[in-house]
Amino acid sequence: MALEPGTVPAHWYAGGRDCAGRPDFNVQAYNDGLYILRQAACKNYEKPFLYLILGDERALLLDTGAGKVDVVTPVDTLVRAWARRHGTAILELVVAHSHAHGDHVAGDSQFVGRAHTTLVGRDSAAVRAFFQFDRWPEGAGSIDLGHRVLDIVAIPGHQPASIAVYDRRTGVLLTGDTFYPGRLYVRDTAAYARSVARLLGFVNQHPVTHFLGAHVENSRTSGVDYPVGTVDQPDEHELDMTRAQLVELDSVVQSMRGRFVRAVRRDFTVWPQQP
Ligand SMILES: [Zn+2]
Ligand SMILES: [Zn+2]
């Protein structure tokens, strides 16, 4: 089956300290069934990207934002509109996470105790069970949203419960904080090296149209990032990454042979952290 096409906007202006009149999220449709939500910088400098993928029976929201943010309103609006367009009475909502760091789970409480909503636990055991991994992290997980299967790849290293999500319908791969144009913080170097290799192995066996992570921290200038805490990023790197950049990350990581040092590349920096 041909992959459904869509558009990743080239520009994501999220900046400005003034929140007046600005919604908490800049919502862009990739296509009819996949949405990208970028949190406004005025709400939280992390301004993460969230993703909403809709199938015939369920929708999956990946991540819930940073700081004090209203995530439930835009998500419900998108889900209701989709259901109306497709003549569906009720879509179940699954809320999962690219990983458990605070800038990706802050809106979780808005989904607790709601009808037709499942909030997936944040630790690796809960993630493993929910996506029915046979083994973790080497095995394969998945979820069927209704004529829309998502493959889940476990990629611990940045954080123990990190996952990548692959949408078979569009070929979009969501890579969280493990692979994006910015500072790739590595907590567990051995796990991260294996995860990047595993992710590249997956990519080599599946058609990937876009590599979309959870932040943009780099500028368009090679190797230059915006420092931590930057609100305004008027010249930021595009969100989309490439297979060639993942190959580059894999070769950088494997060449360090477990002795990680900070490595600045054109589009990302590998940034080991003390455990
Ligand atoms: Zn993180
Ligand atoms: Zn993050």
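Before we look at the sheet, one definition: two strands pair if DSSP finds at least two bridges between them, and strands (E, at least two residues) and helices (H or I, at least four) are DSSP runs numbered from the N terminus. With that in hand, take L150 in β8, whose bridge partner in β9 is D167.

A word on ground rules. This is a predicted model, where local features need pLDDT of at least 70, side-chain atom pairs count only at pLDDT 80 or more, and totals for chains, interfaces and linings use all residues. Residues are numbered from 1 along each chain as its sequence is written, chains are lettered from A and ligands numbered from 1 in the order in which they are written, and side-chain values use heavy atoms, with hydrogens and water left out.

Now back to the sheet. It is an open one of six strands in the order β7-β8-β9-β10-β12-β13, and the pairing is mixed. Strands of a sheet pair through backbone hydrogen bonds, either parallel or antiparallel. At the edges stand β7 (141–144) and β13, and each has a single partner strand, so one side of each is left without a neighbour in the sheet. Start at the β7 end: β7 and β8 are antiparallel, paired over four bridges, with D144 opposite V149 in β8. These two strands form a hairpin with four residues between them, and G146 in the turn has a positive phi of about 105°. Next along, β8 and β9 run antiparallel and are joined by five bridges. How well covered is β8? Mostly: five of its six residues are buried, where buried means under 20% relative accessible area, exposed means over 50%, and partly exposed is in between (1.4 Å probe, protein chains only). Further on, β10 and β12 run parallel, joined by four bridges, and G176 has G213 in β12 as its bridge partner.

The metal site comes next. Donors here are N, O and S atoms within 2.8 Å of the metal (3.2 Å for Na, K and Ca), and since water is not among the atoms, sites may look incomplete. The zinc ion (ligand 1) takes its protein donors from H99 (NE2), H101 (ND1), H158 (NE2) and D177 (OD), at 2.1 to 2.3 Å. Along the sequence, the spacing of these residues reads H-x1-H-x56-H-x18-D. H99 counts as buried because its relative accessibility is 1%, while H101 is partly exposed, with a relative accessible area of 28%.

The zinc ion (ligand 2) is held by D103 (OD), H104 (NE2), D177 (OD) and H215 (NE2), at 2.0 to 2.3 Å. The two zinc ions are 3.5 Å apart, and D177 coordinates both. D177 and H215 link distant parts of the chain: D177 sits in the loop between β10 (172–176) and β11 (183–186), and H215 in the loop between β12 (210–213) and β13 (240–241), 38 residues apart. Both D177 and H215 are buried.

What about geometry? Four donors count as tetrahedral if all angles lie between 85 and 135 degrees; four count as square planar and six as octahedral if opposite donors are over 155 degrees apart and all others between 65 and 115; anything else is irregular. The site of ligand 1 has angles of 88 to 171° among its four donor atoms and is irregular. The site of ligand 2, with angles of 86 to 159° among its four donor atoms, is irregular too.

The loop between β12 and β13 also holds N218, which counts as buried because its relative accessibility is 1%. A polar atom of the N218 side chain lies 3.5 Å from the backbone oxygen of D267. P234 is in the loop between β12 and β13 as well, but P234 counts as exposed because its relative accessibility is 55%. Leaving aside neighbours within four places in sequence, P234 is in contact (heavy atoms within 4.5 Å) with H11 and Y226.

Finally, the packing. A nonpolar core is a set of buried Ala, Val, Leu, Ile, Met, Phe, Trp, Tyr and Cys residues joined through side-chain atoms within 4.5 Å. The largest has 30 residues, and L60, F131 and L239 have the most contacts inside it. A second, separate core of 27 residues includes I155, Y180, L249 and V270.

Conventions
Polar contact = N/O pair within 3.5 Å; in protein donor to acceptor, adjacent residues only side chain to side chain.
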